[in-house]
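Biologist: I should like a close look at a single part of this protein. Please take the sheet as the subject and then set it in the context of the whole chain.

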Amino acid sequence: MNRARLWIFLSAVLLAAYYLLIGLNGQRLGFHTQEALFLTEKAMIVWQGIGDKLPVIGLTFPVFPFFFSLAFSSVFPLLGPVIASALGMAVLFYLVLDDQRELDVPWLIRLGTALTFFLHPGLLYAAASGRSVYAVLLFGYLFFRSLLAYFRSNTTYHVSLASLFLVCLVFSAFDFAWLCLFLLPLVLFMSLQGLSLRGDDTLIRLGLAFNNLSLRRKLVNKSFALLVLLFMLPLAGLFLFSLLNRVYAGDTQYFLDSPYANWRVLTNQILQVDYVNHPDEFLLPDTSLLISLRRLLYAPLLLLVLLNFRGRTYQLLTLLSPFALIEFLYIKNPSVPFVAEYYQIFLVLGWVGLVTLSVTQLRRLKGLAFTLMLVQILMGGLRISTSAYEEERTFLESALPWRPANNLAHRETDDLVQIIRKLPRNSRILTDDATAYPIIALTQNVRPFVLPYQQNYLSALTNPDSFADFLLIHLEATNPVARFAVINQAYLGSLRTRAQRPLALVGSSSEWRLYRFAKPQKASSPTQEPNLALAGKTAQP
């Protein structure tokens, strides 16, 4: 390792510590993302749970962020996803800076890149939140870098790497599987590059290839080979994973439709219901075309790269394919706003395209590129502060300050978690982790809970006072997500009419109620005859 690479490595280590410090401070102040709590709860089931844990290990989605955080959650249950995201962003920093070093990118551009990683609010959120944004950015960078490397070297080794990274990208965010549709035209041009044809214009070369029988046959064979090489691994991976879901859950789309496997299911369903009931609130002031073009406002460096790609059809098609994906996803589901990764990926595309420019172009554009990187930092703060998601919108004020804010909801939840932690060691708590995973994760102990992954859960639902000592219920009045839980207020109402033991309130918050199954009254003396009428009354809840 030479001196320059050593400095990049040490900077990456410092950056990981910086990200981890922000994440620790955020958790100290009560900032937790839903995905991080979901991954924490699933990891706790793997390491601490009692029951059939194989479906939890194999069916939890997103796959790669879950396995990355699983290793760290064995030692630090609540901090595992944050450690994984901090290290993942540090790896991305190392790869970007090392690529810029190998291509002799000017120091001013490298300084702008480093400042972006240290100051950009969107990247700080990706690194300190514990969400899977870091995996999308990391594998997205590796995927597009491999595709552009193929155009320089014309070796299928880079296509094989791109296929592998596309698998990782799809299993980090499933919507990127639709990217394959918009890469199909690119495969044709990739095949055309492998033919020895004269002329610089792509359309002229394509016409020459189709007008010659031999060249046409070569073009078709090469295109088919590249299609198999690039898309066979992702499609085969999705097929096998769907088959695994079919075997263990009875549904090939279980990882997309079940709240027990994917944390995004309930959030998307709530947004879709709100979209149907209140469509006027979801009407955007701009057209669908501006949905993708607005990304250039948050990533102006990419616009600079695209302007300098004039006449380079292959590179342009590669970097424009995510824009087509954004348009498609918006048309497919307009009720669900885009999350952070669908904005930050365009920052990554800017760095990927930057290293494909010539050294002469980079030296000429270094001042403008550095300025645009500073603009990206400011625009990143604007975007995250106006996000449609509360956990993104409140990140800057909830995770970065040193003094905690006056958050009543956080204090109530923390008080309820403390009550659960102080329960007797052998206590059993019946709940539904489709919505209760934040409470379970914050307790950092999954053993007291009776959850759906256990085989006796259905028996516990029908006869709860025989399997559990406590009942944790989500309130629909304060959180509409609770309506999708099995154990809710409707279940509580039916339970009061048939429970053999009365329920006593132990603790509560604005969203949760913790009840205890009271012990039945005993006769005062073993020799005294029981009063059947009195016993009948006390048996009623």
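How many residues lie between β4 and β5 in the hairpin that they form?

Modeller: In this predicted model, the hairpin formed by β4 and β5 has 3 residues between its strands. Strand β4 covers residues 503–508 and runs antiparallel to β5, with 5 bridges joining the two. Within this pairing, Ala504 of the hairpin stands opposite Arg516 in β5.

Strand β5, residues 512–517, also pairs with β3, residues 470–474; these two strands run antiparallel as well and are joined by 5 bridges. Here Leu471 has Tyr515 of β5 as its bridge partner. Strand β3 pairs in turn with β1, residues 429–430, in the parallel sense and over 2 bridges. One of the residue pairs in this parallel arrangement is Ile429 with its bridge partner Phe470 in β3.

Taken together, 5 strands make up an open sheet of mixed pairing, in the order β2-β1-β3-β5-β4. The edges are held by β2 (449–450) and β4, each of which has a single partner strand, so one side of each is left without a neighbour in the sheet. As a general point on reading such an arrangement, side chains in a regular strand alternate between the two faces of the sheet.

The sheet belongs to a protein chain with 28 helices and 5 strands. Of the 541 residues in the chain, 52% are buried. Among contacts between residues at least 6 apart in sequence, 73% join residues at least 24 apart.

Helix α7, residues 121–128, illustrates burial among the helices: 8 of its 8 residues are buried, so α7 is largely enclosed by the rest of the structure. The residues concerned are Pro121, Gly122, Leu123, Leu124, Tyr125, Ala126, Ala127 and Ala128. Just after this helix, Gly130 adopts a positive phi of about 80°.

A buried position outside the helices is Leu79, placed in the loop between α4 (63–73) and α5 (80–102). Its relative accessibility is 13%, and Leu79 therefore counts as buried, the cut-off being under 20%. Leaving aside residues up to four places away in sequence, Leu79 touches Leu20, Leu24 and Gln27. Leu79 and Leu24 are 55 residues apart along the chain, yet 7.8 Å separates their C-alpha atoms.

For work on pockets, the second largest one has a volume of about 770 Å³. Its lining comprises 29 residues, and Asp175, Leu256, Arg264, Asn268 and Lys332 lie nearest the centre. Helices α13 (254–257), α14 (264–277), α18 (313–332) and α19 (341–354) each supply at least two lining residues, and the largest share, 5 residues, comes from α14. By class, the lining of this pocket contains 15 nonpolar, 7 polar and 7 charged residues.

Finally, the confidence of the prediction should be considered. The chain averages a pLDDT of 87, and 88% of the residues score at least 70. Over residues 281–287, however, pLDDT stays under 50, and the model has 8 contacts beyond four places in sequence for that stretch. Residues 523–541 also have a pLDDT below 50, with 6 contacts in the model beyond near neighbours in sequence. Where pLDDT is low, the predicted coordinates should not be read in detail.

Note on methods
Residues numbered from 1 in each chain as written. Heavy atoms only, no water. Buried < 20%, exposed > 50% of the residue type's maximum accessible area, 1.4 Å probe, protein only. Helix = DSSP H or I, 4+ residues; strand = E, 2+ residues; numbered from the N terminus. 1 Å grid on protein atoms, 1.4 Å probe; cavity = no way out; pocket = protein on both sides within 12 Å on 5 of 7 lines; lining within 4 Å. Points joined across faces, edges and corners; volume = space filled by probe spheres on them. Nonpolar A, V, L, I, M, F, W, Y, C, P; charged D, E, K, R; others polar. pLDDT = per-residue confidence, 0-100. Contact = heavy atoms within 4.5 Å. Pairing = 2+ DSSP bridges.
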